[in-house]
Amino acid sequence: MATDIEIAKSVKLKPITEIAAKLGIKEEDLELYGKYKAKLPLKFKDDYNKNGCRLVLVSAISPTPAGEGKTTVSIGLSQALNRLGKKATVVLREPSLGPVFGIKGGATGGGYSQVLPMEDINLHFTGDFGAIEKAHNLLSALIDNNIQSKKHSLGLDPRTISWKRVMDMNDRSLRNIVAGLGGTTSGVPRETGFDITAASEVMAILCVSNNIEDLKRRLGNIFIGYTYDKKPIYARDLNAHGAMAALLKDAIKPNLVQTLEGTPAIIHGGPFANIAQGTNTIIATKTAMALSEYTVTEAGFGFDLGAEKFLDIKCRFGGLSPNGVVLVATVRALKYHGGANIKDLTTPDMEALKKGIANLQKHVENIKVFKLTPVVAINRFATDSEEELEFVRSYCREMGVAVSIANVWGEGGKGAEELAQLVIDATSRCCNEFKPLYELEDSIENKIEKIAKTIYGAEAVDYTSKAKSHLKRAYELGLGNLAVCVAKTQKSLSDNPALLGRPKDFIITVREIEIASGAGFLIPITGDIMRMPGLPEEPASNRIDIDEDGNITGLF
């Protein structure tokens with residue numbers, strides 16, 4: 001069986017000018033990054049409502065080690081829509097180097113549903129992550145420079161500064177460090193650390209900004225800490241936002257590439273969904289909507305994480321209203337949620353499947369909470385038995401939900417044509433009744449409670465003493481009307497990764513609340529979520545190599 005990278009290399013890529021022409025984009029509007037990648041101007045996004053484009057969100061059940069294939073289904077669905085004569089574009093996030101070299105080894109789909117050139121996209125791409133990293137670390141340097149300064153000091157109290165540095169790599173050794181050692185000429189010693197670039201507030205800001213002016217304003221609103229006399233300090237007080245925005249002048253423009261079948265693909269922004277909002281940029285989504293009949297986009301991890309944030313944060317900030325939701329599930333993952341051992345998932349197990357199906361049921365219920373129409377996509381694997389597939393299909397029909405078995409890995413767009421037709425039918429019946437789960441005017445506690453109880457199924461929400469002090473701080477800063485972006489494990493509907501399936505009678509514990517005032521939300525942190533992941537025992541980088549001709553192997 002051919003690997004993903006072997007399949008990708010077997011395809012002759014079309015010049016990116018040809019892909020752009022499918023969307024009606026002239027060559028002079030492209031900023032070329034070689035033959036197969038280009039940045040698009042910001043002007044197209046303003047017409048996103050012009051053609052009545054249907055916006056389709058692809059989400060998934062709670063992730064498992066077995067994999068669900070949400071990105072692969074998104075790509076396959078967009079290819080299938082084009083095969084049915086529709087003008088479709090897929091919009092995705094950019095991969096982070098941390099997971100690429102850590103566990104995943106790549107994040108551009110799989111099999112015959114990939115975005116290309118996969119090596120470029122998985123590595124440095126067009127440099128967006130590097131620009132975000134530099135803009136973030138510029139602010140870090142300016143903060144420490146101001147602490148050191150005698151003439152222009154704002155009187156920052158280093159003990160109150162929560163802003164760290166970032167790098168796009170998994171490196172647990174940098175989570176907590178002491179900076180400024182080496183004497184008086186090397187800065188003022190203080191505790192700090194590193195987050196991964198995907199968790200940077202600058203990344204979050206880029207993804208919710210509508211233009212350069214909005215970007216600058218949001219960068220200026222980044223909360224840094226307090227002075228010794230308790231005055232709050234923001235990035236604008238350091239005059240940092242202009243230079244930070246200048247570093248992001250190209251990163252704010254969306255990137256155009258193609259799928260294996262030549263479907264236009266826009267890839268832009270890359271926040272994780274368990275520690276950030278988990279969706280691509282508003283600009284990218286609106287650009288695709290302005291140029292297509294159907295825009296297929298995805299949100300990270302399960303519906304309880306990326307999709308909830310897509311709907312409550314991105315759609316609210318961008319004025320977007322989805323026309324439908326595709327929920328991806330696999331027989332293997334459902335068996336895992338039903339208690340099957342990871343080593344036995346290729347063996348038929350109806351008992352485990354019947355127990356695990358409750359996870360799918362809860363996510364379907366959550367979609368309907370937002371008054372959206374769900375379509376379930378069963379991402380088929382060769383080891384799935386007909387009995388297992390039929391059980392999931394029948395269960396969905398009993399819930400009154402359209403369902404399709406898709407083979408997008410093995411057949412590309414052809415394997416999702418039935419799914420595409422169901423999406424066309426569902427979105428054509430959409431009544432545009434979508435409404436966010438909470439109002440911004442709700443109290444912070446009420447917003448968190450609505451998410452925890454309604455989406456996760458929690459019995460209650462508890463706050464540590466530290467989280468309570470953070471709540472008080474947010475109210476004192478006048479930030480009570482911000483959205484909330486809950487940081488939570490992706491492995492469970494609860495904040496305990498060991499509770500699989502559909503847990504009940506659990507309590508969500510908020511242990512602290514971070515401020516992302518530039519991005520426009522607060523981040524309640526639950527469980528043991530960390531903003532700087534570590535590498536696994538056997539990193540994916542061990543398999544990645546390059547030969548003298550520049551051919552890369554090991555990405556998948």
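Here are some friendly notes on a predicted model, meant to help you find your way around its rings, cysteines and empty spaces.

1. Let's start with the aromatic rings. Searching the whole structure turns up 5 aromatic pairs. One of them joins F223 and Y226: the ring centres lie 5.4 Å apart and the planes meet at 75°, so this pair is edge-to-face, given that planes over 60 degrees apart earn that name. Both residues of this pair, F223 and Y226, are buried.

2. F223 also has a second partner. Its ring and that of Y234 have centres 5.7 Å apart, with planes at 65°, so this pair too is edge-to-face. The contact links distant parts of the chain, 11 residues apart: F223 belongs to strand β11 (residues 223–226), while Y234 belongs to strand β12 (residues 232–234). Taken together, the ring pairs join F223, Y226 and Y234 into a cluster.

3. How buried are the two partners from the strands? F223 has a relative accessibility of 2%, so it counts as buried, the limit being under 20%. Y234 is buried as well, because its relative accessible area of 10% falls under that limit of 20%.

4. Two arginines are worth a look next. The charged end of R236 sits over the ring of Y234, at 4.4 Å from the ring centre. That places R236 over a member of the ring cluster formed by F223, Y226 and Y234. Elsewhere in your view, find R332, which lies over the face of F381, 3.9 Å from the centre of the ring.

5. Now the cysteines. How many disulfides are there? The count comes to 0, with sulfur atoms within 2.5 Å as the test. Two cysteines to look up are C53 and C315. C53 has a relative accessible area of 8% and is buried; C315, with a relative accessible area of 2%, is also buried.

6. Please take a moment over the second largest pocket, which holds about 1,100 Å³ of space. Its lining has 42 residues, and those closest to the centre are S162, K164, E512, E514 and R531. Several elements give two or more residues to this lining, among them strand β11, where F223 is found. Others include the helices α7 (201–208) and α18 (465–476), along with β21 (507–516) and β22 (521–526). By class, the lining of this pocket has 19 nonpolar, 8 polar and 15 charged residues.

7. There is an enclosed space to find, too. Rolling a probe the size of a water molecule over the atoms shows where empty space is left. With a threshold of 30 Å³ or more, the count is 1 cavity. The largest cavity has about 30 Å³ of space.

8. Which residues line the largest cavity? They are I448, I451, A452, Y456, V486, I508, V510, P524 and T526. Two or more residues come from each of α17 (444–456), β21 and β22, and α17 gives the most, with 4 residues. The lining has 8 nonpolar residues, 1 polar residue and no charged ones. Strands β21 and β22 also give two or more residues to the lining of the second largest pocket.

9. Last, a look at L419, a residue of helix α16 (residues 417–428). Is L419 buried or exposed? At 0% relative accessibility, L419 counts as buried. The C-alpha atom of L419 is 7.5 Å from that of V403, and the two residues are 16 residues apart along the chain.

Note on methods:
Residues numbered from 1 in each chain as written. Predicted model: local features only at pLDDT ≥ 70, side-chain atom pairs only at ≥ 80, totals over all residues. Heavy atoms only, no water. Phe/Tyr/Trp six-rings, centres within 6.5 Å; stacked < 30°, edge-to-face > 60°. Buried < 20%, exposed > 50% of the residue type's maximum accessible area, 1.4 Å probe, protein only. Lys NZ or Arg CZ within 6 Å of the ring centre and 35° of its normal. 1 Å grid on protein atoms, 1.4 Å probe; cavity = no way out; pocket = protein on both sides within 12 Å on 5 of 7 lines; lining within 4 Å. Points joined across faces, edges and corners; volume = space filled by probe spheres on them. Nonpolar A, V, L, I, M, F, W, Y, C, P; charged D, E, K, R; others polar.
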